[in-house]
Amino acid sequence: MAKYESRYKSLGFYANGELKRFNNGTYVTEDKDEITVLDGLADVTRVDEEPKTEAKPVIKAPAKRTASAK
């Protein structure tokens, strides 16, 4: 499911020859054709996707041993 937000409360766009409208600045869809159109609009941002950053595991260097004082 894709969720979009618009700068405008009531933005309209055409997908598959039909007029679609944002309701209160948001629009939710699962239709691939609508998603394609919405991704191309300048005044619309997709908000359901999290930035994909892969956390790489931190590899620690082995601890250096010191000579013990006797």
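Which residues make up the largest nonpolar core? The ten are A2, Y4, L11, F13, A15, F22, Y27, I35, L38 and V44. Here, a nonpolar core is a set of buried Ala, Val, Leu, Ile, Met, Phe, Trp, Tyr and Cys residues joined through side-chain atoms within 4.5 Å.

Before going on, a word on the source: this is a predicted model, where local features need pLDDT of at least 70, side-chain atom pairs count only at pLDDT 80 or more, and totals for chains, interfaces and linings use all residues. Residues are numbered from 1 along each chain as its sequence is written, and side-chain values use heavy atoms, with hydrogens and water left out.

**The overall layout**

- The protein has one helix and five strands; helices (H or I, at least four residues) and strands (E, at least two) are DSSP runs, numbered from the N terminus.
- Read from the N terminus, the elements go β-β-β-β-α-β.
- Of the 70 residues in the protein, 21% are buried, where buried means under 20% relative accessible area, exposed means over 50%, and partly exposed is in between (1.4 Å probe, protein chains only).
- About 6300 Å² of the protein is exposed, and carbon and sulfur atoms supply 50% of that; the areas come from the Shrake-Rupley method with a 1.4 Å probe, and for residues only the protein chains shown count as cover.
- Take the contacts in the protein with a separation of 6 or more: 44% of them are between residues 24 or more positions apart. Contact here means heavy atoms within 4.5 Å.

**Back to the core**

- β1, β2 and α1 each supply at least two residues of the ten-residue core.
- As background, nonpolar side chains tend to be buried together in soluble globular proteins.
- One core member, V44, touches Y4, E5, L11, F22 and L38, if you skip residues up to four places away in sequence.

**K20 and its network**

- What about K20, buried or exposed? K20 is buried, because its relative accessible area is 19%.
- K20 and E34 meet through their side chains in a salt bridge, 3.3 Å from N to O; a salt bridge is a side-chain nitrogen of Lys or Arg within 4 Å of a carboxyl oxygen of Asp or Glu.
- K20 lies in strand β3 (residues 18-21) and E34 in helix α1, so this pair ties together parts that are 14 residues apart in sequence.
- Both partners, K20 and E34, are buried.
- Salt bridges with shared partners join E18, K20 and E34 into one network.
- The link between E18 and K20 is a salt bridge whose closest N and O atoms are 3.4 Å apart.
- E18 counts as partly exposed, because its relative accessibility is 46%.
- The side chains of K20 and E18 are also joined by a polar contact of 3.4 Å, and those of K20 and E34 by one of 3.3 Å. A polar contact is a pair of N or O atoms within 3.5 Å; within protein, one must be able to donate a hydrogen and the other to accept it, and residues adjacent in sequence count only if both atoms are side-chain atoms.
- Apart from neighbours within four places in sequence, K20 is in contact with L11, G12, F13, A15, Y27 and E34.

**A salt bridge between distant parts**

- How many salt bridges does a search of the whole structure find? The search finds three.
- One of the bridges pairs D43 with R7, with the closest N and O atoms 3.6 Å apart.
- This pair links distant parts of the chain, 36 residues apart: D43 is in the loop between α1 and β5 (44-46), and R7 is in the loop between β1 (2-6) and β2 (12-15).
- D43 counts as partly exposed because its relative accessibility is 27%, whereas R7 is exposed, with a relative accessible area of 62%.

**V37 on the helix**

- V37 sits in helix α1, which covers residues 32-40.
- Its relative accessibility is 29%, so V37 counts as partly exposed.
- V37 and F13 are 24 residues apart in sequence, yet 8.1 Å apart in space, C-alpha to C-alpha.
- Not counting residues up to four places away in sequence, V37 touches F13, Y14 and A15.

**Two loop residues with positive phi**

- N16, a residue other than glycine, has a positive phi near 55°.
- You'll find N16 in the loop between β2 and β3, and N16 is exposed, with a relative accessible area of 52%.
- N24, again a residue other than glycine, has a positive phi near 60°.
- N24 is in the loop between β3 and β4 (26-29), and N24 is exposed, at a relative accessible area of 55%.
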